[in-house]
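Colleague: I have the coordinates open and would like to talk them through with you. Could you take my questions one by one?

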Amino acid sequence: MEFDAVLLLSFGGPEGPEQVRPFLENVTRGRNVPPERLDDVAEHYLHFGGVSPINAINRALVMQLEYELAQRGQQLPVYFGNRNWEPYVEDTVKTMRDNGVRRAVVFTTSAWSGYSSCSQYSEDIARARAAAGPDAPELVKLRPYFDHPRFVQIFADTIGAASGALTPEQQAGARLLFTAHSVPVAADERLGPRLYSRQVAYAASLVAAAAGYTEYDLAWQSRSGPPQVPWLEPDVADHLTALAAAGTQSVIICPIGFVADHIEVVWDLDYELAAQAEAAGVALVRASTPNAHPRFAQLAADLIDELRYGRGPERVTGPDPVAGCLGSVNGAACRPPHCVAREGG
């Protein structure tokens, strides 16, 4: 299967104080989120000058991916579009159409299956193509990559780097703690029995093994919504409290659920959780996410090569593997473990 462009599709984030509230209204549209809740979340962004790191990270990743593709002899332009803020994916796909792009591959900044982490991106693709009209390019979404060798090794290496910030005594007793974004339990069941949470747990097991850890914990972060709605637990703050009460003196936290150090990483972990750890007398260090690391661009290029050359998915295998979908075309609905068959391939 041949392509003439790549689309990097992401969540989006504000790049100035005046953009924070409109961005949050975009994110929560139709969800009946109280205005005071938006005010609370807005403070997280305003603490950092109203700028989310995510767009700058993605622009750097675009350049890294273009470079990596060129190294592989593929001179493909890489476009950038977002779901919730500029550059909106609808505008990007119209630009691709006007530039003569006929078929593009789509790499999303989420490693997982599940609704918000996979299927909603397919909806974004379908919406953007509809906005672009009958001459919209064909858009082929790449598969989730939670078990790709580069994904596993990047996090294993950043865990090692984070551990290096501890003293030898702290390292000896450090507890490895993985985190990912919590979702409502009902959402976790939407595309299959606990699909998202099982993928996160499986990836954590692969990364822990690659980093040399036989024991570790998994907790969830960044919960929002009414308290009567069940979400994935335990919450990372509650788990840190339990670890401290049990005598743990050092924790290495790995935000495996995120591919970029955006607000829910730098606020929830680097600011709030770090303050909690300091108050409890726990030494807390955090592993970095892939961000725009060259190996993350290599991962994206690997996924493109799987389609270009008809290769089978490259995966790390471990005990009790969890299925992931194979990608989708033009926003077709995703139903793991196998999504819609390729069209016009």
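Modeller: Happy to; the questions below go through the sheet, the cores and the annotated site.

Modeller: A word on conventions: this is a predicted model, in which local features need pLDDT of at least 70 and side-chain atom pairs count only at pLDDT 80 or more, while totals for chains, interfaces and linings use all residues. Residues are numbered from 1 along each chain as its sequence is written, and side-chain values use heavy atoms, with hydrogens and water left out.

Colleague: In what order do the 5 strands of the open sheet come?

Modeller: Strands here are DSSP E runs of at least two residues, helices are H or I runs of at least four, and both are numbered from the N terminus. Two strands pair if DSSP finds at least two bridges between them. The pairing in this open sheet is mixed, and the order is β2-β1-β3-β4-β9.

Colleague: Which strands stand at the edges?

Modeller: An edge strand here has a single partner, so one side of it is left without a neighbour in the sheet. One such strand pairs with β4 (residues 138–141) in the antiparallel sense over 2 bridges, with Lys-141 opposite Ser-328. The edge strands are β2 (78–82) and β9 (328–329).

Colleague: How many residues of strand β3 are buried?

Modeller: Buried means under 20% relative accessible area, exposed over 50%, and partly exposed in between, with a 1.4 Å probe and protein chains only. β3 is joined to β1 (residues 5–10) by 5 bridges in parallel, and it pairs with β4, also parallel, over 4 bridges. Both faces of β3 are covered, with Arg-103, Val-105 and Phe-107 on one side and Ala-104, Val-106 and Thr-108 on the other. The count for β3 (residues 103–108) is 6 of 6.

Colleague: Where does the largest nonpolar core lie?

Modeller: A nonpolar core is a set of buried Ala, Val, Leu, Ile, Met, Phe, Trp, Tyr and Cys residues joined through side-chain atoms within 4.5 Å. The largest one has 60 residues, and Phe-107, Trp-112, Tyr-145, Phe-151, Phe-178 and Ile-256 have the most contacts inside it. Helix α9 (residues 195–211) gives the largest share, 9 residues. Both domains, whose bounds come from an automatic or database assignment, give residues to this core, so it lies between domain 1 (5–16 + 51–144 + 293–329) and domain 2 (149–286).

Colleague: Which residues is Phe-151 in contact with?

Modeller: Contact means heavy atoms within 4.5 Å. Neighbours within four places in sequence are set aside for Phe-151. That leaves Ala-111, Trp-112, Tyr-145, Phe-146, Ala-203, Ile-256, Val-259 and Leu-299.

Colleague: Which residues does the UniProt annotation "binding site" cover?

Modeller: The annotation comes from an unreviewed entry; its positions are given in the numbering used here, feature names are shortened, and annotations may be inferred rather than shown by experiment. The annotated positions are spread over 84 residues of sequence, yet they cluster in space, with a largest C-alpha distance of 8.5 Å. They are His-181 and Glu-264.

Colleague: What length has the polar contact between the side chains of Glu-264 and His-181?

Modeller: His-181 is in strand β5 (residues 175–181) and is partly exposed at 21%, while Glu-264 is in helix α11 (residues 263–266) and is partly exposed at 27%. A polar contact is a pair of N or O atoms within 3.5 Å; within protein, one must be able to donate a hydrogen and the other to accept it, and residues adjacent in sequence count only if both atoms are side-chain atoms. For this pair the value is 2.9 Å.
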